[in-house]
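Visitor: Got a minute to walk me through this one? I'd like to poke around the structure with you.

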Amino acid sequence: MNRKLTNKLATGMFGLCAAIIAAILVGLFSYIIINGVSQLSLDFITTKSSAIAAGGGIRDQLFNSFYILFITMLITIPLGVGGGVFMAEYAPNNKVTDFIRTCIEVLSSLPSIVIGMFGLLMFVNLTGWGYTIIGGALALTVFNLPVMVRVTEDAVRSVPKDLKEASLALGVSRWHTVKTVLIPSAIPSIITGAILASGRVFGEAAALLFTAGLTTPRLNFAEWNPFSETSPLNIFRPAETLAVHIWNVNTQGMIPDAEAIANGGSAVLVISVLVFNLAARWLGTIIYKKLTAN
């Protein structure tokens, strides 16, 4: 009787915790979207922002957010997956490896403002680039790389040992086993880690304040030469992201409709993260089925 009662209490507590988390998430999303939905329109998304006049949009800031996200993940995913595979399969079990894991954990827990100050020193001042997209992307890589390494390492270690041993017993090389057995089996967890890292990148503001800057030059979306000063693809230009723009409008905005712009930008930010997560999971499912032939 006591065991049944304990089991019911434990189940109830776990269910209550899940319900509280879901309620907080739904409440937060609802509050942001309800307050910003009146501002959402095609003009709002496709019009450039204004520093003094009402009615500006978020076109450039939204593009900058996705562009920095793309460049950051283009650097983070290969390095993170490679580092995680090395730590799981190739790194020896000794004090040096333990020290590296400790460093990774410490780095993953650093506040984003500290990463921003590091990025300001390394990728703004030391390189002489100034505020740039590549500087912001490199700073965010430092911010998210430990997460990808740990997620990949745990994902590879969680693959059943029978699969690995069966592959090696057939005479398959270690690298081929990693490539064709371990990584495909770990893909769902790796994609989950990539989604979490992407969400942090898309919503990050503090680190980008010191590396990508608070301004965006006049962009010509018909100019796709990445070396042109007006090209949106130029990685050596400053770029105000959507999250930074929301902060900037709320704290320093001089426009009459600053609150409406901030609410609309917040709604777009939340919806973009949600859509990106759903799309990434859908794509991850397709990749997993293709790699595992399920």
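Visitor: Which residues form the nonpolar patch on the surface?
Guide: That patch is made of M13, L16, I20 and I24. Together they have about 400 Å² of accessible area. Keep in mind that this is a predicted model.

Visitor: Where is I20 found?
Guide: I20 sits in helix 1, which covers residues 2-36.

Visitor: And is I20 buried, partly exposed or exposed?
Guide: I20 counts as partly exposed, because its relative accessibility is 44%, and the buried label needs a value under 20% while exposed needs one over 50%.

Visitor: OK, zooming out. How many helices and strands does the protein have?
Guide: There are 11 helices and zero strands. Read from the N terminus, the order is α-α-α-α-α-α-α-α-α-α-α.

Visitor: What box do the C-alpha atoms fill?
Guide: Roughly 70 × 55 × 40 Å, taken along the principal axes.

Visitor: How much of the protein is buried?
Guide: Buried residues come to 38% of the 294 residues. On the outside, the protein exposes about 16300 Å², and carbon and sulfur atoms supply 69% of that.

Visitor: What share of the contacts is between residues 24 or more positions apart?
Guide: Taking contacts with a separation of 6 or more, 76% are between residues 24 or more positions apart.

Visitor: Switching to charges. How many salt bridges are there?
Guide: Seven salt bridges in the structure. As background, side chains of opposite charge can pair when their charged atoms come close.

Visitor: Which residue does K164 form a salt bridge with?
Guide: K164 pairs with E89, and the closest N and O atoms are 2.8 Å apart. The pair links distant parts of the chain, 75 residues apart: K164 is in helix 7 (residues 161-169) and E89 is in helix 3 (residues 59-90).

Visitor: Are K164 and E89 buried or partly exposed?
Guide: One of each. K164 is partly exposed at 24% relative accessibility, whereas E89 is buried at 10%.

Visitor: What about R59, which acid does its side chain meet?
Guide: R59 meets D60 in a salt bridge, at 2.9 Å from N to O. D60 is buried, with 7% relative accessibility, and R59 is partly exposed, with a relative accessible area of 26%.

Visitor: Which residues are linked in a network of salt bridges?
Guide: The network links D98, R101, E105, R150, E153 and R157. One bridge there joins the side chains of R157 and E153, with N and O 3.3 Å apart.

Visitor: How far apart along helix 6 are R157 and E153?
Guide: They are four residues apart in helix 6 (residues 133-157), so about one helical turn separates them. E153 is buried at a relative accessible area of 2%, while R157 is partly exposed at 43%.

Visitor: And the charges overall, how many positive and negative?
Guide: 19 positive and 15 negative, and their mean positions are 12 Å apart.

Visitor: Back to helix 6 for a second. What does L145 touch?
Guide: L145 lies in helix 6. Leaving out residues up to four places away in sequence, L145 touches T76, L79 and G80. The C-alpha atoms of L145 and T72 are separated by 9.7 Å, with their places 73 residues apart along the chain. L145 itself is partly exposed, at a relative accessible area of 24%.

Visitor: Next, V249. Buried or exposed?
Guide: V249 is buried, because its relative accessible area is 7%, and the cut-off for buried is under 20%. V249 is in helix 10, residues 242-252.

Visitor: Which residues does V249 touch, setting aside those up to four places away?
Guide: A258, I261 and A262. The C-alpha atoms of V249 and A262 are 6.4 Å apart, and the two residues are 13 apart along the chain.

Visitor: Last one: what is Y90 in contact with?
Guide: Not counting neighbours within four places in sequence, Y90 contacts V85, R174, W175 and V178. Y90 is in helix 3 and is partly exposed, with a relative accessible area of 34%.

Visitor: How far is Y90 from G203?
Guide: Their C-alpha atoms are separated by 34 Å, and the two are 113 residues apart along the chain.

Terms used
Residues numbered from 1 in each chain as written. Predicted model: local features only at pLDDT ≥ 70, side-chain atom pairs only at ≥ 80, totals over all residues. Heavy atoms only, no water. Salt bridge = Lys/Arg side-chain N within 4 Å of Asp/Glu carboxyl O. Buried < 20%, exposed > 50% of the residue type's maximum accessible area, 1.4 Å probe, protein only. Helix = DSSP H or I, 4+ residues; strand = E, 2+ residues; numbered from the N terminus. Contact = heavy atoms within 4.5 Å. Areas by Shrake-Rupley, 256 points an atom, 1.4 Å probe, with all protein chains shown as cover. Lys, Arg positive; Asp, Glu negative; His and termini not counted. Charge placed at Lys NZ, Arg CZ, Asp CG, Glu CD. Patch = residues over 30% accessible without salt bridge, like charges linked within 9 Å, V, L, I, M, F, W, Y side chains within 5 Å.
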